[in-house]
Amino acid sequence: MDRVACINLTLLPLQILMRKHPDWSTCPVALIAEEKPASPLLCTNPLAAEKGVHSGIRYSEALSLVPDLRAGSVSDKEQESCLEEIKIVLNRFSPDIEACSFDSNAIWVNVKGLQGIFKSPSRWVVAVREALNKLGYQATIVVGFTRFGSYGLSRSRPSSLILRSISEEQQALSHCPISSFPLAIRASRLLTRLGIKTVRDFQNLPIDGTLKRFGKETKAILDALRADRGLPIQAMTFAKPLVYHKRLDTALSSHHLLMEELILLLDNALTQLSSRAGLVSEVEITLTSEDGSVHSEQVRPARPSQNKKVLQRLIDLRLANIVYHSGIEMLSLWVKEAPSHSEQHDLFGPAHSQADAAAQAFALIRARLGNDAVVLAQLCKSHQPEKAFVWQTTDQLLSAKETEAAKSSQESQPHDYQPEQAQAVRRLFLHPPLQNILLTSQRRLAGPFLISKNWWELGEQSQPYGTLQYCFFLSETGDVSWLRSDGSSTHALGVVD
């Protein structure tokens with residue numbers, strides 16, 4: 001029988017939030033549905049739980065109990081992106097990976113045949129946990145023989161476990177609390193009233209009447225528990241990148257000479273792709289120096305392509321800014337493949353539309369300045385100007401529908417709004433620098449504009465009522481700065497053209 005491991009990423013959204021804010025590691029933290037005072041807490045870390053904060057209460061109520069509570073939300077898109085990252089890492093340890101259909105925090109992995117590589121299941125578990133820890137995730141791993149057996153045990157214990165036989169797994173599973181499985185609230189309450197608290201009690205329920213009494217979800221879990229043995233992992237498919245390595249006879253530090261070697265590797269990739277009509281969606285270059293340091297860069301064309309000149313130019317732009325402190329002795333080229341579509345082959349000829357031309361320009365900007373260089377402002381609900389938007393990376397211009405929406409929002413401006421007047425453009429700082437200046441009225445062009453901070457974010461050292469002052473200030477060099485002051489410090493949010 002195949003060995004099946006369940007990798008349970010307990011409270012994954014909370015782990016993602018903590019990963020976004022590493023400075024919160026010593027603070028009480030809660031995950032909330034929305035960043036609003038009335039938003040309910042979805043889950044908390046142990047520090048918050050110790051102080052009496054639990055899921056279900058409102059954020060504002062939690063702050064009254066724990067004033068130093070840190071909270072934030074995680075979007076579905078963020079969670080999906082992190083799960084894909086985790087699955088790609090796990091694919092290095094097993095070719096057969098299956099996502100749990102009813103719990104996004106769990107992943108099943110087939111570990112059969114891996115003893116020759118990792119010597120023992122325990123070494124495999126250690127290697128997987130180390131790889132996940134490097135990404136910033138904690139997981140409970142149970143190596144067993146069935147999906148639900150390994151899943152239930154991973155949910156009911158804080159540490160990893162390796163089971164020696166199917167009988168040992170079934171014996172351990174029978175004592176697991178029924179809360180280890182994602183039952184509906186109504187079904188869970190009814191089972192508790194009937195005294196059914198463990199998996200053994202749950203499995204002994206009569207087949208007749210289960211659907212009517214407990215619902216189809218509960219019956220589906222019960223049926224799956226009874227018929228779980230021998231069902232193989234339904235492996236996901238991963239696009240395997242093309243990988244090329246070259247160890248140089250002589251260490252190189254010349255950009256021109258390194259490009260010549262990389263072009264030879266790129267030629268090999270394009271030749272292999274052309275034989276099966278594949279396209280390049282991303283290229284990763286890894287440079288290994290004489291001193292052992294490794295440097296990696298990624299470039300993406302505007303659209304998947306086989307155009308050598310375009311790919312060569314993108315690689316050249318990305319590597320042009322690298323300063324080589326020691327010679328490069330090994331090159332690696334990773335090429336991600338995309339399926340071919342006939343309309344894509346000519347994309348990098350003359351631009352077919354404004355959107356195509358913009359996509360090509362964005363690809364060049366990303367290659368020159370980094371993959372996060374092209375962004376657009378996404379509006380948010382906040383009365384504080386600097387929090388009324390967030391920057392999101394983008395690869396394309398706004399669509400016609402999005403452009404019309406922007407126009408309609410301008411048309412909804414107050415009746416005295418005059419767009420024909422000269423408009424000031426604010427260039428914002430990603431990290432507002434602290435300014436050691438006095439906001440004197442002689443140099444203040446406009447303001448101060450007083451705005452109250454979010455009351456639920458006030459700390460002990462905040463000004464009364466959390467008042468913020470915004471103004472436009474003329475510097476000694478003649479530049480116009482957009483400044484924010486909380487009474488104790490002043491930050492430059494941007495400059496005005």
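This section describes the overall composition of a predicted model, the confidence assigned to it, and the surroundings of one strand and one helix.

The predicted protein comprises 497 residues, of which 39% are classed as buried. Its secondary structure consists of 16 helices and 20 strands. Among contacts with a sequence separation of 6 or more, 60% are made by residues 24 or more positions apart. The exposed surface of the protein amounts to about 28600 Å², and carbon and sulfur atoms contribute 53% of this area.

Confidence varies along the chain. The mean pLDDT of the protein is 78, with 81% of residues at 70 or more. Of the elements, strand S7 (residues 140–144) has the highest mean pLDDT, at 91, whereas the lowest, 51, belongs to helix H16 (residues 400–411). Two stretches fall below 50. In residues 342–351 the pLDDT remains under 50, and the model places 19 contacts beyond four places in sequence for this segment. Residues 409–422 likewise have a pLDDT below 50, and this stretch has three contacts beyond near neighbours in sequence. Where pLDDT is low, the predicted coordinates should not be interpreted in detail.

Strand S2 (residues 29–32) is covered on both of its faces. In a regular strand, side chains alternate between the two faces of the sheet. In S2, Val29 and Leu31 lie on one side and Ala30 and Ile32 on the other, and all four are buried. The strand pairs with two others. With strand S4 (residues 70–72), S2 shares three bridges in a parallel arrangement, and Ala30 is positioned opposite Ala71 of S4. With strand S3 (residues 41–44), S2 is likewise joined by three bridges, but here the strands run antiparallel; Leu41 of S3 is the bridge partner of Ile32. Ala30 and Ile32, which share one face of S2, are thus represented in the pairing with S4 and with S3, respectively.

Helix H7 (residues 147–155) is also mostly covered, with eight of its nine residues buried. The buried positions are Arg147, Phe148, Gly149, Ser150, Tyr151, Gly152, Leu153 and Ser154. At the start of the helix, a side-chain oxygen of Thr146 comes to within 3.1 Å of the backbone nitrogen of Gly149, a residue that is itself among those buried in H7.

Key. Residues numbered from 1 in each chain as written. Predicted model: local features only at pLDDT ≥ 70, side-chain atom pairs only at ≥ 80, totals over all residues. Heavy atoms only, no water. Buried < 20%, exposed > 50% of the residue type's maximum accessible area, 1.4 Å probe, protein only. Polar contact = N/O pair within 3.5 Å; in protein donor to acceptor, adjacent residues only side chain to side chain. Pairing = 2+ DSSP bridges. pLDDT = per-residue confidence, 0-100. Contact = heavy atoms within 4.5 Å. Areas by Shrake-Rupley, 256 points an atom, 1.4 Å probe, with all protein chains shown as cover.
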